[in-house]
Amino acid sequence: MCATLLIDNGIVLTFGDPGRVVPDGAVLVRDGVVAAVGPREEVRSRLEPTETPEVVDARGAVVTPGLVNAHMHLYSTFACGYAPAPSHNFKEILENLWWPLDRALTLDDVRLSALVPAARCLLAGVTTLVDHHASYGATHGSLDVVADAVRSLGLRACLAYEVSDRWGEQAASEAIAENESFLAGLSARGDPDLAGLFGLHASFTLSDRTLQRCVQAARRVGSPGFHVHCAEDLADVEDARGRGFAGAVDRLHAAGILGPKTVAAHCIHVTGAEAATLAETGTLVVTNPQSNMNNAVGVADVAGLLEAGCVVGIGSDGMTADILDEVRAAVFTRRQETRDPTRMFAEAVRMITVTNPSLASHLFGRTLGVLREGAAGDVVVWDYHPPTPLHEANVGGHVVFGLPASRPRTVVCSGRVVVRDGALPGFDWEAVAREARPLAQALWERM
Ligand SMILES: [Zn+2]
């Protein structure tokens with residue numbers, strides 16, 4: 001890794017609030033951190049007289065910070081092409097596909113399942129991932145396998161193992177232990193680009209006793225918060241109501257799960273009072289529009305959650321590694337549902353340019369996802385030469401309708417160039433696929 005990197009000659013979008021557009025701009029990254037952002041000459045003047053940086057010529061194209069995916073399942077890779085039994089609702093989808101899959105995974109499957117989408121993330125300009133992992137076929141050590149896979153490519157990740165009672169008490173205990181040992185081992189790794197949360201599946205597959213054991217274990221190991229699915233489907237809400245709560249949010253709140261470092265994915269079926277609870281606790285709500293459409297579970301009322309004061313970011317829930325795809329889906333699904341083409345534009349743009357960066361910064365304890373002095377040196381040079389004017393007032397239009405039609409040419413994470421000329425140096429797609437296919441076949445036969 002070159003200690004100093006100069007990304008020169010680009011149209012720099014800084015993201016953040018307020019975001020800036022620097023038309024003839026550059027970014028200087030020194031020792032993994034952004035040292036300067038601004039007009040080219042100004043940035044060049046910040047070089048030390050003896051400093052000879054590696055120069056990346058953006059050739060007049062758009063430059064952004066690395067993107068953040070706030071809820072992902074790397075382990076879902078081997079589901080592609082598998083034909084589960086007909087599944088007519090969300091619970092049947094879990095029972096026929098996801099749960100049999102996670103119970104059949106080996107550590108080798110976990111490694112390859114992580115490697116493929118991690119590579120795709122980087123090629124889509126995503127440098128920070130908040131992942132939610134399950135591999136009940138091989139629980140012990142699985143988070144370390146995921147961590148090693150993603151870090152080998154240079155992707156930053158916050159990992160969690162989803163505790164659930166669905167495979168019995170012994171399996172839940174092993175899942176709790178996996179969270180604990182991974183979280184406890186983080187400081188020994190000393191890697192600022194690796195973080196963890198205590199993972200939980202969802203209220204409806206967790207007994208009161210298991211929830212309490214998780215809270216105690218998280219406290220023991222000093223976990224900053226939890227990563228949980230919440231009110232994704234009405235089944236989760238009905239289960240919580242059957243236990244005497246207003247809904248899934250209400251139950252998780254009563255159990256002590258919610259808080260400013262807890263990620264609650266989906267939050268579709270929430271009452272007004274529950275939205276207020278999510279806001280008051282500072283819980284990090286993450287919406288996942290493509291997955292919601294695919295599972296036919298409903299459309300999250302993002303505008304309503306924002307109005308209630310919630311923090312709402314966006315994730316892809318295993319559906320894609322390309323988070324800009326999700327941003328577009330967030331816009332389109334809401335508009336189609338309401339038949340109102342004025343909906344969700346500003347909210348969607350804010351999620352990817354402001355909220356996801358601040359959410360990730362909060363989880364990692366350092367500034368991420370924005371181009372600002374002192375932020376992590378994550379930079380993407382896109383193969384995007386805007387054919388129309390691009391300025392601070394219309395950045396959103398280019399993020400939703402321009403950037404997604406292009407690909408990143410160069411991606412830098414913490415000062416390390418991880419994508420060059422649109423490819424991952426040293427990563428052999430053919431070899432990875434050749435190793436993965438027989439493992440996936442064997443997995444399907446065990447499901
Ligand atoms: Zn999920």
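**Two domains, two parallel sheets and their helices**

The protein splits into domain 1, built from residues 4-66 plus 369-414, and domain 2, which covers 67-364. Everything described here comes from a predicted model. The C-alpha centres of domain 1 and domain 2 sit 30 Å apart. Where the two domains touch, 19 residues of domain 1 are in contact with 28 residues of domain 2. Helix H14 (395-401) and strand E16 (408-413) each put at least two residues into the side of domain 1 that touches domain 2. As for chemistry, that side of domain 1 consists of 11 nonpolar, 6 polar and 2 charged residues.

Domain 1 also holds a backbone oddity. Asp17 and Pro18 are linked by a cis peptide bond, with omega at about 5 degrees. Pro18 is found in the loop that runs between strand E1 (4-13) and strand E2 (21-30). A second oddity turns up at Ala231, which is not a glycine yet has a positive phi of about 55 degrees. This residue, too, is in a loop, here between E11 and helix H7 (234-242). Both cases catch the eye because most residues other than glycine have a negative phi, and most peptide bonds are trans.

Now for the sheets. One is an open sheet of 4 strands, in the order E6-E7-E8-E9, with parallel pairing. Its edges are strand E6 (67-72) and strand E9 (194-196), each of which pairs on one side only. From one strand to the next, the twist averages 15 degrees. Strand E8 (residues 156-159) and E9 run parallel and are joined by 3 bridges, and Cys158 stands opposite Ala195 in E9. Helix H5 (residues 169-189) lies across E8 and E9, and its direction is at about 155 degrees to that of E9.

H5 has a helical partner as well. Its axis and that of helix H6 (residues 208-221) come within 10 Å, crossing at roughly 15 degrees. That angle is under 35 degrees, so H5 counts as roughly parallel to H6. The crossing of H5 and H6 is right-handed. On the H5 side, the contact uses Ala172, Ile176, Asn179, Glu180, Leu183 and Ala184, and these meet Thr210, Arg213, Cys214, Ala217, Arg220 and Val221 of H6. Sorted by class, the contact of H5 with H6 has 7 nonpolar, 2 polar and 3 charged residues.

The other sheet is open too, with 5 strands in the order E10-E11-E12-E13-E14 and parallel pairing. Strand E10 (198-202) and strand E14 (311-314) form the edges, each pairing on one side only. Here the twist averages 25 degrees from one strand to the next. E10 and strand E11 (residues 226-230) run parallel, held together by 4 bridges. Within this pair, Leu200 has Val228 of E11 as its bridge partner. Helix H13 (residues 345-364) packs on this sheet, where it touches strand E13 (284-287) and E14, and its direction makes about 105 degrees with that of E14.

That leaves helix H3, which packs against two other helices. With helix H4 (residues 142-153), H3 makes an angle of about 35 degrees, and the two axes are 8 Å apart. The crossing of H3 and H4 is right-handed. Leu107, Val110, Arg111, Ala114, Leu115, Ala118, Ala119 and Leu122 of H3 meet Ser142, Val145, Val146, Ala149, Val150 and Leu153 of H4. By class, this contact of H3 with H4 comes to 12 nonpolar, 1 polar and 1 charged residues.

The other partner of H3 (residues 107-123) is helix H15 (residues 429-446): their axes come within 10 Å and cross at roughly 130 degrees. At that angle, H3 is oblique to H15. The crossing of H3 and H15 is left-handed. H3 contributes Asp108, Asp109, Leu112, Leu115 and Val116 to the contact, while H15 contributes Val432, Glu435, Ala436, Leu439 and Leu443. The contact of H3 with H15 has 7 nonpolar and 3 charged residues, with no polar ones. Leu115 of H3 takes part in the contact with H15 and in the contact with H4.

Note on methods:
Residues numbered from 1 in each chain as written. Predicted model: local features only at pLDDT ≥ 70, side-chain atom pairs only at ≥ 80, totals over all residues. Domains from an automatic or database assignment. Contact = placed C-beta atoms within 7 Å. Nonpolar A, V, L, I, M, F, W, Y, C, P; charged D, E, K, R; others polar. Axes fitted to C-alpha atoms, helices over the stretch in contact; angles between N-to-C directions. Parallel < 35°, antiparallel > 145°, perpendicular 65-115°, else oblique. Left-handed = near helix turned anticlockwise from the far one by under 90°. Pairing = 2+ DSSP bridges.
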